[in-house]
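Okay, thanks for coming, everyone. I'd like to walk you through one structure today, so let me put it up on the screen.

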Amino acid sequence: MLDVQNLCISIDKKPFLTELSFQVAAGESLILLGKNGVGKTLLLNILSTLVEPTSGTVSISGVDAFSNLKVVRPQIGYIPVGFEGYPELSVVDYLDFFADAYKLDKQNRSASINTVLELMDIQHLRDIKMGVLSTGERQRILFAKTFLHEPQLWLLDEPLAPLDPRGQIEMAELFSELKSMGKTIVIATNRLEDVQQLCDNSSTAMQNTYLLGILNEGTFVVFNSYTKLQQEHAEDMSDDIHSHWLIELYLEVTRS
């Protein structure tokens with residue numbers, strides 16, 4: 001579904017991301033892991049077509065993204081770090097604003113909004129102004145807004161960070177539902193616990209659909225199935241340190 005080939009981007013003529021090539025199929029999730037400033041958000045901005053790469057290609061559903069923006073953008077749902085504005089709008093008016101921007105049919109718009117409110121379990125917030133919501137509530141609204149136009153490709157920047165433990169568990173369950181619907185998900189995080197929260201708490205079948213890409217110095221130093229990486233490192237570890245295999249892997253591949 002998502003096919004990236006030889007992606008490069010330079011900033012002030014200095015290479016920043018270099019020769020990235022990878023594929024993420026429908027129903028798969030790619031977790032981008034790396035320290036702050038390594039280029040995770042920049043890569044999401046490229047995949048969302050907000051930033052054009054210096055060279056290389058991005059294809060979505062077999063279509064070159066930057067040559068066919070009107071075709072691919074409706075397939076993309078991007079939830080960046082932080083919260084968008086509109087503090088004086090109520091939740092339902094905020095969702096209606098984006099439903100109009102997405103050109104949803106007016107006759108079905110109210111039903112669509114009610115559906116996403118129910119899906120995210122936020123019906124009780126519909127008349128609350130956006131500016132007074134908690135961080136976790138705002139995150140749920142952003143997901144509800146993205147659900148409105150039913151994108152095929154979900155791009156999420158630090159989606160678990162604003163949530164309390166219960167919210168993180170519920171969001172991991174939501175990702176599993178998206179994957180079962182055949183959606184493609186790319187998640188950026190700088191937190192090892194987010195990777196384990198998403199992957200280790202999934203069913204065995206779902207674990208096999210997670211890919212892990214560790215970015216360091218402009219390129220992937222690791223790109224493989226989470227399950228395969230776990231199995232490879234389990235062979236060399238005793239039971240008492242097996243739970244720390246991801247920490248050991250990350251330190252190994254990012255050591256300068």
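Which side chain meets D96 in a salt bridge? The partner is R109, with N to O at 4.0 Å. Before I go on, please keep in mind that this is a predicted model.

Let's stay with that pair for a moment. D96 sits in helix α3, residues 91-101, while R109 sits in helix α4, residues 106-119, so the bridge ties together parts that are 13 residues apart in sequence. The two ends don't have the same surroundings, by the way: D96 is partly exposed, at 33% relative accessibility, whereas R109 comes out as buried, at 10%. For burial, the cut-off is under 20% relative accessible area.

Now, how do those two helices sit against each other? The axes of α3 and α4 come within 10 Å, and they cross at roughly 125°. That angle is why we'd call α3 and α4 oblique to each other. As for the hand, α3 passes α4 in a right-handed crossing. And who makes the contact? From α3 you have V91, V92, L95, D96, A99 and D100, and from α4 it's R109, I113, V116 and L117. So yes, D96 and R109 turn up again, this time in the list of residues that form the helix contact.

Okay, more charges. How many salt bridges does a search of the whole structure find? Seven. Take R140 and E170: their closest N and O atoms are 2.3 Å apart. This pair links distant parts of the chain, with R140 in helix α5, residues 135-147, and E170 in helix α6, residues 165-180, which puts them 30 residues apart. R140 is buried, with a relative accessible area of 18%, and E170 is partly exposed at 28%.

Then there's R191 with E193, where the closest N and O atoms are 3.9 Å apart. Both ends land in the partly exposed class: R191 has 22% relative accessibility, and E193 has 46%. On the subject of charged pairs, there's also a small network, in which salt bridges with shared partners join D96, D100 and R109.

Let's move to the strands. What is the order of the strands in the open sheet? Reading across, it's β2-β1-β4-β5, four strands with antiparallel pairing. The edges are β2, residues 14-24, and β5, residues 63-64, each of which pairs on one side only. If you zoom in on the β5 end, you'll find two bridges joining β5 to β4, residues 55-60, and the two run antiparallel. Across that pairing, I60 stands opposite V63 in β5.

At the other edge, let's look at strand β2, which holds L17. Is L17 buried or exposed? Buried, with a relative accessible area of just 1%. Leaving aside neighbours within four places in sequence, L17 is in contact with L7, C8, I9, V38, G39, L42, L43, I46 and G218. S59 is 42 residues away from L17 along the chain, and the C-alpha atoms of the two are separated by 18 Å.

Also in β2 is E19, and here's something for the backbone fans. Most residues other than glycine have a negative phi. E19 has a positive one, near 50°. E150 does this too: its phi is positive, about 50°, and it is not a glycine. E150, though, lies in a loop, the one between α5 and β7, and E150 is exposed, with a relative accessible area of 60%.

That loop leads me to my last stop, the pairing of β7, residues 153-157. What joins β6 to β7? Four bridges do, and the two strands run parallel. One of the facing pairs is I76 with L153, the latter being in β7. Strand β6 itself, residues 76-79, is covered on both faces: I76 and Y78 are buried on one side, and G77 and I79 are buried on the other.

That's my tour. If you'd like to go back to one spot, I'd pick the D96 and R109 bridge, and I'm happy to take questions.

Terms used
Residues are numbered from 1 along each chain as its sequence is written. This is a predicted model: local features need pLDDT of at least 70, side-chain atom pairs count only at pLDDT 80 or more; totals for chains, interfaces and linings use all residues. Side-chain values use heavy atoms; hydrogens and water are left out. Buried means under 20% relative accessible area, exposed over 50%, partly exposed in between (1.4 Å probe, protein chains only). Two strands pair if DSSP finds at least two bridges between them. Axes are lines fitted to C-alpha atoms, for helices over the stretch in contact, and angles run from 0 to 180 degrees between N-to-C directions. Angles under 35 degrees count as roughly parallel, over 145 as roughly antiparallel, 65 to 115 as roughly perpendicular and the rest as oblique. A crossing is left-handed if the near helix is turned anticlockwise from the far one by less than a right angle, and right-handed if clockwise. Contact means heavy atoms within 4.5 Å.
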